[in-house]
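Please walk me through this structure, starting with a strand pairing and ending with the two chains together. Short sentences will do.

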Amino acid sequence: MNGYGTALAVCTCGGTLCGRLDVERIVAAPGFASALVIHDLCLPAGSARVASWLRETAADSLVVAACGVPAAVQAVVEVSRAAGVAEHRTSLVDLREGCAWVHTQADQATAKALRMVASAAAGVRESTPPVPDVEVRPSGRVLVVGTGPGSLAAAARLKDLGCEAVLISGTLERFEGQAGEFKARIRTDQGVECHAVGAVIAAGDAPARMPAVQAGQRVAFLLEGDPWPSVTESTLSAALHLARDCGCRVLVLFRDMGVAGRGLEELYREARGSGVTFVRMEEGSLRIVEAGGEWVVTLEVPGLGSVTETVDVLVSGATDALQGTRGLAEVLGVAPRKGGWAPRERALLEPVATERNGVFLIGSARGPYTTDQAVRQGEAAAMAALSVAAPGVIAVSARASVDVERCAFCLTCLRVCPHQAVTTALGQTMRVLPAACQGCGVCAAACPAGAIQITESPNRRLLAEMDALMNGPPLGGRPTVVFACANSAVPALQALGRLRLSYPAQVLVVPVPCLGRLEAVHCVRPLAAGARRVLLCGCYDRSCEHLVGPATARRVVERASALAGTLGLDPGAIHVASLAPVDWHKLGQILGVSCDDGDRNGGEASKVTAHATA
Amino acid sequence: MLPREARALPGRTDPAWAPVIETASGERVGLCFGCGICTGSCPLAPAMDMLPSRLMKAVQLGLKERVLKATAPYLCVGCETCAVRCPNGIDVARVMDAVRQAGLARGGPVPRVDIQRFHQWFLRTVRLFGRAHEGLLSAGFSLQQGRLREDLPTGWALMRHGRLALWPHFIRRRREVRRLFRAIGQRGGR
């Protein structure tokens, strides 16, 4: 690292930050080769001034302390380009929503601002250049598996969009590659076919057939699908037909009667009117015993106690995915959920995508959807596939990279990656597929040698930033370090900032792409440096885009707490909290009570929460 | 909440019973999907042992023993608020009536003998005079229930204020009313 030094530019946001922070002290922060104060970074004049100043200082890295809005981010990029400083050598610190607007006491806020700026400087000095772009050349071909209504709709729409749909009916045996360049091997009646495609849209097998039922028999349908929907069009029509036309006694036991969509609501009503009895099952309320060729069904009905009915035919698992579908998810590298459907339900996910870029599941591969719904999903998948499979050239830079000198070829990264982004072959090194990698960092945390790293934030950088954050002017209390997941806690913190709700200045935030990025050492290090608490704030289990974040965080906290204990630190000081991006009030409360003077320094954020939850 | 006596009863369903109630009431009980609006609207619901929506579910399932042991149908006053609000257009009050009928048809004591007696005294006065007569109704009911001692002060106060007529009002075509009663009796009603 040569000694031209790091430059610091402070924007006072039109002078508004001067009232809340001691800007002079920040500009005089130690460790910078030169410093500048401006008032208008987001305006062309302001950023031009920074650029020309930066050129003069001949610094090789830059920290900009300003706000966090997209205009500021863009301004920093333009400055770096204009001044000839590599973009990875720049860092933007949000002193506005992240500091000035949320901390009430100016001296504490300034102390925190100084720490944030020092941390950014330590970070840029450890930054690594991005991996060179790789060109991915999709051919415009999309594999469509299945010949049901959803698949046909997808193929038709793909053709309209100018892509080539390879419509296939058979078993997918092998599937590898990345979005834009997949290789698929399918076994059909005619033999084995191999295809090179840019994306895959897969539907499952046709819904299960009904077992034979004779007229006048008593039938019970057991629908235990989880989660929504747990009732299918075929089940309702079968129930109606049996009750109305075959004189059967029909009982339908369900968990969730999701009948939104054309036709289902009417079908449901007609079934009820024809005498089909629908009973909702509570979790664990059902007991079924076979006795002499009959089924004795006992369940707890709220308000009516224990109810027993004897039936001749029991149709169960009508909403579980068939074996073929389960196999499909496995081959495609997508994690299944209960019932065999895939993918796992996640709040932020698009309706037809999965955690693997370029792989789309629709219709009966995804859930017991109706024909209508499958058709709509097929069309949606075709349009989504366009972005990764349309003919052309896409330049992608891998967000993770492997240091082959350190790699021991243990294949841990390959196994833990939730997005199937790590691959290798005999005689090759471990490779990260740039179009598949989503930059979560789970691989980096799992690698025993630290050989695979997130290019934007290798471990050295994260540790350097954390250490600089912990060493600085006093904050009025012991710090609480919050590891904030990019998909939940970071937006929640931004919301607190924009709403100008205050929380204690002792809260020091370390953003991470996913909680899965963290290891025990990250959690213990701040404690060793004097932190009062360490919080891992991330998504709920069901919402993690990278699937494993919250579970990893819990494991890490357990290990870290044990480690802290052996080091003579407080083992009860490390916690995990789950939030949605909109849970700013929950976060405010957590932050308020996690600091030394919980009540006094609680700030408005926690008080608002107390009011909101009272 | 089930009536205490009913809790001990086995909850075996009798699928053939629901059609009986459907025919008797003329309402498609199966249409009910358990939203609870009837319970929410019913002014008597807080006093009922089996809430109207639960009773509908019990009828659907064919829980004959439990339903016939409930006092809820006897508390129904037929205000029909439930019927007005039911999203499926079910007249829950008529279903309650059908349940009462089924209880009477089965024979034996009904869950609320006092209420049944009150109904019977009401009908008696209508058959006799062509019009309801509170005087005979309350006196007869009170005597039959053995409540004369408690009711006498109230009755006396009502009479003094001109609220309780001793002499009934006879309508002109009492014979036709009696014919009505005979016709219903022939068809099996009570």
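A:V481 has A:L508, in β26(A), as its bridge partner. This is a predicted model, in which local features need pLDDT of at least 70, side-chain atom pairs count only at pLDDT 80 or more, and totals for chains, interfaces and linings use all residues. Residues are numbered from 1 along each chain as its sequence is written, chains are lettered from A and ligands numbered from 1 in the order in which they are written, and side-chain values use heavy atoms, with hydrogens and water left out.

Strand β25 (residues 480-485) of chain A pairs with β26(A) in the parallel sense, over six bridges. Strands here are DSSP runs of E with at least two residues, helices are runs of H or I with at least four, and both are numbered from the N terminus. Two strands pair if DSSP finds at least two bridges between them. The wider sheet is open and has four strands, in the order β26-β25-β27-β28 (chain A), with parallel pairing. β26 (507-512) and β28 (574-578) of chain A each have a single partner strand, so one side of each lacks a neighbour in the sheet. From one strand to the next the twist averages 20 degrees.

Two helices pack on this sheet. Helix α15 (residues 520-528) of chain A touches β25, β27 (533-538) and β28 of chain A, and its direction makes about 145 degrees with that of β27(A). Helix α17 (residues 584-593) of chain A touches β25, β26, β27 and β28 of chain A, at about 170 degrees to β27(A). Angles run from 0 to 180 degrees between N-to-C directions, with axes fitted to C-alpha atoms, for helices over the stretch in contact. Contact means heavy atoms within 4.5 Å.

Chain B has twelve helices and zero strands. Its C-alpha trace spans about 50 × 35 × 35 Å along its principal axes.

How do the chains meet? 18 residues of chain A are in contact with 20 residues of chain B. The area buried between them is about 1,600 Å², with 55% from carbon and sulfur atoms. Buried area is the accessible area (1.4 Å probe) that two parts lose on being put together, summed over both. In chain A, the residues losing the most area to chain B are A:R269, A:R272 and A:L304, together 36% of what that side buries. Between chain A and chain B there are zero salt bridges (a side-chain nitrogen of Lys or Arg within 4 Å of a carboxyl oxygen of Asp or Glu). β17(A) gives the most to the side of chain A that touches chain B, with five residues.
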